[in-house]
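Here are a few notes to help you find your way around this one. Have a look at the structure first, then go through the points in order.

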Amino acid sequence: MADATPDPTPDTPQEQRPPDGWELMCTGVMRSEFGRRSSRALNKAMMQLSAEQAWVEGRAEVARVNWWRRLQEAFFALPISRVAAGLAVIGLIAAVLWVLEPFGTHQPGMIQVTTANCRISDALDAHWSGATGQLKQGEILPEGQLRLESGVVELTFASGARAAVEGPAELKITDRNSVELQSGKMSAEVPHSAIGFTVKTPNATVTDLGTRFGVDTKTKDSSVVDVFEGKVQVTQGTDATAPDNQWNLTRNMAMVLDARGGVTTAAAPESAFPQPGHSVLIRPANCGFDAMNLAKIGGFPSDQGFWSGAAYALTKAVGDVRPVQGGGMLRFLAPPQENGGAVDSVVWQIVDMRGAKDFIAANGMVDLKAWVQFNRVAGDSHSASKFRISVA
């Protein structure tokens, strides 16, 4: 962001106002040690935030998930794997029982697409039948007809198109940019490079013209096509030259194709179809530990981007242990004992998530994933053996 032009006029006192729900929540989160302790301030903030959100949503007449309640529950049930959307900030907690462990940076996984074939880029409770029953995330789908008994899989085609398929479903990958869906439900998201992506059902062919759409193959004689965004071309049967046999559908249009031909119908919401996942990379400030001045000893962080804790140091290489990425490492030290017993070495950082606000709002429930790489330097029998990274 460019620096603003200095204002030559003297500062004037700003009108005082009570803190809003978000500001109270942030204060409460830190007072509760990011959910490790109960906090009346946090409970009060969540109540105010809930009231403010209800007022905003009432005016907009938008029905949304009661995410702030899930957020409150998450603060008191660490560690968590799923966090409701809408957070402006997120506390990133790296905790160990006092330990001498430098570690590198957070490395979110990225989808790897080969130049051919179709890969399982994500999966949720997926169970395949027959010899393909052991297919896992990251593997390439074999040739031939496949049956997904249950669960959801995300497929990434060599063309760059992505599709989410919900079981039970029968499908066959025909080439780098098309699939046959004999039965079941799927949705596709097609980038510009993959325009022309095709889904064939027993009684229709859906050709993408740059869009997001869903297909539900109910029987061999009935298919439903919903367009979420963009445009698709729908052909019934196999003869594209037959009269009155081809239609163009655009956003929020839907069609049922059966023995009657193509009949328009009310579009179903996107949530009625499985959806491909979306990834956004947000790196914590100074995740390469290059800036030694972005560290404060003691207490909880009061500034976004600063690491804070009671017993740690940002350091360069230590012996044979070198940074995985960046110029430095975060080194956990042995904190003073309390009441004769060992305590945790805890390091915190508040990560600014406002840059992902639109992404989070559009995708609803969000999966938060964080990776950490670390090494140990020589210790003794009292050195810690456990490391934990948590998100609140």
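1. Let's start with a single side chain. Arg162 has a relative accessibility of 13%, so this arginine counts as buried, the cut-off being under 20%. Bear in mind that this comes from a predicted model.

2. Where does Arg162 sit? You'll find Arg162 in strand β5, which covers residues 162-175. The side chain of Arg162 also has a partner: a polar contact of 3.3 Å links it to the side chain of Glu154.

3. Now look at what β5 pairs with. Strands β4 and β5 run antiparallel, with eight bridges between them. Within this pairing, Arg147 has Glu170 of β5 as its bridge partner. The two strands make a hairpin with four residues in between, and Gly160 in that turn shows a positive phi of about 105°.

4. β4 (residues 146-157) has another neighbour, too: strand β3 (residues 118-128), again antiparallel and joined by eight bridges. Here, Trp128 stands opposite Leu148 of β4.

5. How far should you trust the details? The protein chain has an average pLDDT of 75, and 67% of its residues reach at least 70. Confidence is highest in strand β7 (residues 198-201), with a mean of 96, and lowest in strand β1 (residues 82-83), with a mean of 36. Residues 1-14 have pLDDT below 50, and the model gives this stretch zero contacts beyond near neighbours in sequence.

6. Please be careful with residues 60-68 as well: pLDDT stays under 50 there, although the model has 14 contacts for them beyond four places in sequence. Where pLDDT is low, predicted coordinates shouldn't be read in detail.

Terms used. Residues are numbered from 1 along each chain as its sequence is written. This is a predicted model: local features need pLDDT of at least 70, side-chain atom pairs count only at pLDDT 80 or more; totals for chains, interfaces and linings use all residues. Side-chain values use heavy atoms; hydrogens and water are left out. Two strands pair if DSSP finds at least two bridges between them. pLDDT is the predictor's confidence in each residue, from 0 to 100. Contact means heavy atoms within 4.5 Å. Buried means under 20% relative accessible area, exposed over 50%, partly exposed in between (1.4 Å probe, protein chains only). A polar contact is a pair of N or O atoms within 3.5 Å; within protein, one must be able to donate a hydrogen and the other to accept it, and residues adjacent in sequence count only if both atoms are side-chain atoms.
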